[in-house]
Structure formats: C-alpha cells, structure tokens
Amino acid sequence: MITLQGTIEEIIYKNESNGYTVAILETEDDVVTIVGYMPVINLGETIMVQGNWVYHSNYGQQFKVDTYQAVVPASLNGIEKYLSSGLIPGIGPKIAKKIVEKFGLDSIDILQYNPDRLLEIDGIGKKKAQKIAEAFAEQREIRDIMIFLQEYGISPTYGVRIYKKYGNETISKIRENPYRLSEDIFGIGFKMADKIARNMGVDLRSDYRIFAGIKFTLMEFSSEGHTYVPKRELVDKAQSLLEVERELVEDGITALALKQEIQLENVDNEIRVYYMPFYYAEANVSKKIIELALTELKELDINVEEEINKLERESSIKFAKNQKEAIRQAVFNGVLVITGGPGTGKTTTINSIIKLFENQGLSVVLAAPTGRAAKRMSEATLREAKTIHRLLEYSFVDDETGMAFARDEGTPIDSDVVIIDEVSMVDILLMNNLLKAIMPGTRLILVGDVDQLPSVGPGNVLRDIIDSKVVKVVKLNEIFRQAQESMIIVNAHRINKGEMPFLNVKDKDFFFINKDSNKEVVDTIIELCKERLPKFYGYDPVKDIQVLTPMKKGDTGVNVLNERLQDVLNPKHKLKNEKQVGESIFRVGDKVMQIKNNYRMKWEIVKDDGINEEGEGVFNGDFGYVYDIDEEENEMTVLFDDNKKVVYSFSQLDELKLAYAITIHKSQGSEFPVVVMPICWGPPMLLTRNLLYTAITRAKELVVLVGNKKFLYMMINNNRITKRYSGLNKRLHKVLEFIKGE
Ligand SMILES: Nc1ncnc2c1ncn2[C@@H]1O[C@H](COP(=O)(O)OP(=O)(O)OP(=O)(O)O)[C@@H](O)[C@H]1O
C-alpha cells in the first residue's frame with residue numbers, strides 16, 4: 001500500500017449518490033489523478049490517501065484510493081481553496097480570501113476555536129460570524145459521521161439526511177438499531193437498512209430484523225393506499241422479503257401486536273392487520289361520523305322552502321332538484337355529503353348554503369386539503385378558506401413532539417358549520433384529525449367529486465362514507481347549460497360514463513393531436529407550449545400551460561418532459577445562475593413545485609409600502625419560480641404565489657422539483673388554464689379512466705391531448721379502480737348497529 005499526501009486541485013467527477021470520485025491531487029512533487037469512493041472530499045482540501053497505482057486503458061496511470069483521511073490544509077492557497085469551495089454556507093470565494101488574508105495559516109484554527117475573531121473581518125457582523133461558526137462545526141461533525149456511514153456503504157446523499165434527523169447521536173443510534181433508518185429516513189427502505197445491519201453483523205433471524213421487515217411491508221401496503229392488509233398477504237410478502245421461516249414471521253406479527261405496534265382484527269374470518277395509527281384513525285372516524293350525524297341540532301327557526309325561494313330570487317337562478325335537496329339537508333343533518341362532477345353546481349350550492357346559515361347568524365368556516373384548493377374555494381365563495389392543516393392550527397410544539405394539531409377535542413373549531421371542499425383528497429389520518437376538532441352539534445358538510453383519484457395517503461374516505469349510506473348524501477348530476485358550452489366538462493362526464501369524448505369540435509376547447517411515436521409526442525408537446533398555444537391563444541407558456549403526465553419515468557414521463565421544456569422555455573443564459581441537484585438543474589426563472597409539506601419553512605412578502613409580512617409553511621403542490629441562486633451563501637430563493645419569498649439552503653433543494661410538467665397525481669386539487677397531456681402506452685395499472693378524468697378536469701379553458709387514440713380508448717375502458725383495503729364502510733355500520741342496540 002502506498003501513501004500520498006496533497007491538495008485537491010480539481011474534482012473531475014463525483015457521483016453524489018455513492019461518493020465515487022475522480023479528482024486531481026497535487027502532491028509536493030507531482031500532480032496525479034486519484035479515483036475511488038471518497039464521499040466527503042472537497043476542493044482545496046488537503047488529504048492523505050492510501051492505495052495503489054493502476055493503469056486505465058483510456059486514462060492512463062491513476063492512483064486507486066482504498067482509504068483516506070483529511071489533513072488540515074497546510075498552505076495558504078490550500079486553505080483558501082478549501083474555504084471557498086462552498087462547503088460552509090456563508091463563506092464564498094470573497095470571504096474566504098479575506099479570512100486567509102487576515103489569519104493566514106491559523107484560519108482553520110480560528111474558525112474552530114475562536115470564531116469570535118471573524119468579527120475583525122470587514123463585512124462579517126455578529127450574525128454572520130455565528131452562522132459561519134455553526135456551519136463549520138456542523139461540517140466537522142458531518143465529516144466524522146459520513147466516514148462512519150461510508151464504512152457501511154451508506155451514500156453521502158443519505159448521510160446528510162441521517163445527520164439532519166439524528167444530529168450528533170447518529171453513530172450511537174445506528175449502532176443500537178440500524179433498522180430504525182428504514183422507519184426514520186425518507187428514501188431508506190428496509191433493504192438498504194438491512195444491508196447496513198448485515199454489514200454490522202446483525203443476525204438474519206434477529207427480532208429487530210423480523211419486526212422491521214414486517215413493519216416495512218405493512219408500510220408498503222399503506223403507501224399503496226391500504227389502511228390494513230389481510231394477514232395472509234402480509235405474511236407472504238414479509239416472508240419473501242426477510243427470507244426466513246414462515247413461523248418466524250407469524251411469531252413476529254403476534255409479538256408486534258402484543259407490543260401494540262400493530263392491531264389484529266378478525267372480520268368475517270379474515271385476520272386484518274393494521275398499523276396502529278391507521279387503526280385508531282379508522283375507529284375514531286367511524287365513531288365521530290356517527291356521533292355527529294346523530295347529535296340533535298339546535299333547531300333553526302325558519303321555513304326552509306321559503307329560504308330556498310329567497311336564495312333563488314337573490315341569485316336569480318332556479319336551483320335544480322338536487323341542489324334544493326342539498327340545501328335542505330344541510331339544515332337538518334349533522335353530516336352531509338355533496339358530490340358531483342365538474343359543472344354540476346357544487347360551488348353554487350355551497351354559496352347558497354353559506355348564505356342561508358349566515359342569514360341566521362350562524363358562523364361558517366371553509367377549508368380544503370391543499371393550498372391551491374383552499375385558494376380556489378376562497379375565490380369562489382368570496383370568503384376566507386383555509387387549508388385543513390391551517391384550520392386545525394398545525395404547528396411546531398417542541399423538539400420532542402415535533403409538529404401537532406392545536407385544535408382537537410379539547411380546543412375544537414369554534415364554528416356552527418364547517419364546509420370542506422375536495423374531500424376526495426382527504427386520507428384517513430387527516431380526516432381523523434379534522435373530526436377530532438369538530439364538536440357534536442356542529443354541522444359538517446363534505447363536498448367532493450368521488451370519481452377523482454382517491455387520496456394519496458391511505459384510505460378511501462369519501463367513497464367509503466358515500467357507499468356506507470350511514471349519512472345523508474346528495475349527488476348533483478345535472479350539467480348546467482353554461483357548463484355544457486365547455487367540451488371539457490361535457491367530455492369529463494362522457495369519460496366518467498365510459499363514453500368516448502368529442503374531439504376537435506370547431507371553436508371548442510378540447511383537442512386531440514394524433515402522433516404515433518413517443519418522440520413525436522414529446523416534440524409536439526414542446527412545440528405546443530413554446531409556439532402554437534402562446535401564438536394562437538395568447539397563453540403564457542410557463543404560467544398558463546401545465547403539462548400533465550401519468551408517468552414519472554420513461555420517454556413521456558415528467559423527468560424527460562421537464563428537461564426538454566426547461567431547455568426551450570428557460571434556456572441556459574450567462575446571466576442566469578444555475579445549480580445542479582442530482583440529475584436536474586435549477587436555473588433562475590424556472591417553474592418549480594414544492595413536493596412535501598414543510599410547515600416550518602419561513603416566507604416573507606416584500607410589499608411596496610415597505611411593511612413586510614412574514615410567516616411559515618410551504619406545502620406539497622405549491623408552485624413557484626426560481627428567483628435567485630446565490631453561490632456565495634449556498635442559497636436559492638423561490639417566489640411562490642402572492643409573492644411569498646422563500647429561501648432554501650442548497651441542502652434543502654430535494655424538496656423542490658421542476659414543474660413545467662408534473663404527474664397527474666400531483667395535480668390533484670389544482671386547476672390550470674391549459675392542460676397538455678401525452679397519451680401513450682403505459683402500465684395498465686396506471687392508465688385508468690379516473691386518472692384521465694382527473695387530468696382533464698384540472699383544465700379551466702383548454703385541453704390538448706397528444707398521442708395515439710388507441711391509448712385514449714384504453715384508458716377510458718380501463719375502469720379498474722385499484723382496490724384499496726379499507727375497513728371504514730363496514731366499521732361505520734358496526735358503530736351504527738352498536739348505538740342502535742342491534
Ligand atoms: N341552478 C342552476 N341554474 C343554472 N345555472 C347554474 C345552476 N347552478 C349552477 N349553475 C351554473 O353552472 C356552472 C357550474 O356551476 P358550479 O361552478 O357551481 O359547479 P361546480 O360543480 O362547482 O363545478 P366545478 O367542480 O367545475 O367547479 C356555473 O356557471 C354556474 O353558474
């Protein structure tokens with residue numbers, strides 16, 4: 001084994017996910033290429049490497065690194081390069097130069113032991129000095145942890161996430177039970193945790209392993225939307241994952257049930273296995289729905305039919321029979337479901353219900369599951385509508401508890417009527433949290449289109465409640481004349497009934513462009529967004545047009561479409577900063593979407609009058625534009641709706657994705673002026689009628705489908721509504737029977 005020491009002059013290649021690096025090392029008397037797994041080396045850093053010389057047929061002589069250690073950089077040049085590499089947020093090339101000019105070879109020591117002295121540098125104030133000191137300390141800690149993780153084959157991308165979760169307890173926590181990684185870290189599944197554990201010598205048949213494998217399998221079922229899984233299926237799947245005897249899995253399930261981490265339930269001679277939170281949620285939702293439905297309401301001293309006539313006169317419309325029925329039932333029921341497709345008058349009905357109650361002096365609150373849906377509800381009713389999370393005052397409590405809902409049984413929502421829109425998107429956990437905060441005697445009105453895709457999270461809440469028939473349901477089914485003008489609405493209803501849509505009717509809003517190959521489809525979509533739609537209809541290609549696709553991967557998936565659309569709609573430009581994250585590039589001006597809820601992310605609205613507004617929370621599905629990329633500070637600023645400015649550190653950029661194209665699943669609850677969608681081959685599990693229905697009902701003004709009609713027909717005929725294991729319907733009946741004493 002040979003040892004070399006030198007400074008990293010250049011990083012030629014680095015695979016972010018596994019740490020494989022090719023770099024140029026300048027030693028005292030030579031310049032050499034080094035290759036190997038070195039996840040935590042940085043430009044300008046001085047390192048000592050151990051390994052051997054190898055000969056590569058294309059690249060010649062190289063030094064293959066087996067192990068390496070960092071050495072505190074010894075030269076002024078080395079220190080400056082190291083500090084300016086972007087490793088420490090707050091220090092960019094300019095500040096690095098100043099630090100080295102001031103402190104010379106002591107620079108690193110000053111950062112480590114005496115960061116107060118940074119104040120001596122022009123341009124560094126107290127706040128900035130503190131930020132740099134913290135970042136430097138964290139960087140040191142991360143380095144030790146990364147090296148530990150690297151020994152067990154964990155890539156740097158995950159290393160950072162693990163560190164964020166466990167902090168300086170990382171090493172001890174993983175040593176104690178490596179399987180916790182699969183529960184705690186987004187992106188680490190059982191298989192990866194298992195590999196690490198096996199590397200550490202954990203036994204194949206250990207309890208930790210069996211429990212983790214069972215819980216992981218159960219979570220996989222829930223990520224497909226199931227609230228429970230039949231025990232047989234769970235054992236089959238967990239056994240093939242764990243590769244141990246069946247009895248061990250069965251025993252593991254019993255042990256977990258005794259520890260109350262899972263719940264077993266015998267229904268019609270089938271044992272159902274629930275992950276605990278879903279069990280509690282399902283049980284509470286059923287109890288609460290029945291309780292709300294049966295609680296006697298404070299009677300309103302009105303003649304409902306007269307009120308309805310009055311509302312008709314005031315809004316100069318004649319309600320359809322079912323609209324009247326919905327208004328009537330809203331008065332008499334603790335729980336009412338109003339369902340219907342697009343253009344069937346849901347919004348008009350809600351507006352009338354709100355007016356009726358408000359006229360009687362009752363308070364009404366409005367909410368919807370996503371920020372965008374809440375915004376639309378607010379625009380349609382001219383009243384404040386919140387996200388359900390906001391309504392329940394979801395917020396940070398303390399480090400131990402994390403985020404929690406402040407509104408619950410103890411501090412319920414203070415309102416006589418609660419109306420929730422887009423309920424098809426609400427999963428069992430959120431429904432449970434919502435119902436906890438609703439007092440018996442409050443009227444709850446759930447509005448939604450049951451034919452949309454079900455919630456992303458587990459459960460089939462709206463459908464189960466409707467199918468159970470235990471509460472009043474009014475289905476709106478008349479498409480009003482005004483709505484009939486729109487082919488989007490007419491076709492949405494046709495598709496929902498399994499009929500072919502009317503395509504390319506002159507002067508209408510629903511078009512199909514025939515293209516056979518995937519390449520032609522993508523080329524046409526690009527051309528539509530860039531040229532045709534802006535030119536002929538005046539649409540803004542980025543703001544107004546949304547490309548929706550069923551798929552993430554493949555020729556017509558979001559990744560490819562985004563790359564192509566970014567290329568033409570926001571091309572590379574020397575004045576536009578860029579930042580590469582994984583496979584994609586963010587560029588100033590790009591359209592992006594937040595892909596997970598981050599309740600603690602700070603935003604600021606900068607107003608003309610100089611009084612700025614501040615708040616917290618950026619949510620899954622929020623759209624924004626890249627406003628600034630600052631290499632010096634390692635930060636990217638995004639401008640969201642209402643001019644909310646949010647600053648992301650580079651390490652948070654995995655919360656954002658390019659959004660010229662998004663998946664149909666991610667589009668739920670949003671609306672766009674124009675929807676463009678590829679119609680191509682894909683797995684039948686995915687290409688379903690309600691996926692197509694959801695996509696086209698997102699468009700307000702224009703739909704353009706591009707592809708092969710064969711696949712359009714295939715989607716319309718594919719009425720497979722993927723079965724979800726959910727016990728809510730049955731449970732609602734059980735609770736009702738119990739209360740009635742049957
Ligand atoms: N009773 C009625 N008579 C005539 N027109 C009506 C009536 N009710 C609603 N409309 C009109 O029908 C159209 C669709 O109604 P509305 O927006 O309430 O439906 P919606 O179900 O909320 O639709 P979407 O889900 O697409 O938002 C609107 O233009 C509305 O003014």
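Helices, the elements to which one legend below refers, are DSSP runs of H or I with at least four residues, and they are numbered from the N terminus. The views that follow show a predicted model.

**View 1. The shell of residues around the ligand.** In this predicted model, 14 residues surround the ligand, and those that come nearest are Lys318, Gln323, Lys346, Thr347 and Thr348. Sorted by character, the residues of this shell divide into 8 polar, 4 nonpolar and 2 charged. Helix α15, which spans residues 346–359, supplies the largest share of the shell, namely 3 residues.

**View 2. Polar atoms facing the ligand.** An N or O atom in the side chain of Thr348 lies 2.5 Å from an oxygen atom of the ligand, whereas Lys318 takes part through its backbone, where an N or O atom is 2.7 Å from a nitrogen atom of the ligand. Gly345 likewise contributes a polar backbone atom, which is 3.0 Å from an oxygen atom of the ligand. Taken alone, the ligand would expose 630 Å², and the protein buries 73% of that area.

**View 3. The pocket that holds the ligand.** Which pocket does the ligand sit in? The ligand is found in the second largest pocket.

**View 4. The domains of the chain.** The domain assignment divides the chain into domain 1 (2–149), domain 2 (180–275), domain 3 (279–479) and domain 4 (499–717). Between the C-alpha centres of domain 2 and domain 4 there is a distance of 37 Å.

Note on methods. Residues numbered from 1 in each chain as written. Predicted model: local features only at pLDDT ≥ 70, side-chain atom pairs only at ≥ 80, totals over all residues. Heavy atoms only, no water. Near = heavy atom within 4 Å. Polar contact = N/O pair within 3.5 Å; in protein donor to acceptor, adjacent residues only side chain to side chain. Areas by Shrake-Rupley, 256 points an atom, 1.4 Å probe, with all protein chains shown as cover. 1 Å grid on protein atoms, 1.4 Å probe; cavity = no way out; pocket = protein on both sides within 12 Å on 5 of 7 lines; lining within 4 Å. Sits in = over half its atoms within 2 Å of the grid points. Helix = DSSP H or I, 4+ residues; strand = E, 2+ residues; numbered from the N terminus. Nonpolar A, V, L, I, M, F, W, Y, C, P; charged D, E, K, R; others polar. Domains from an automatic or database assignment.
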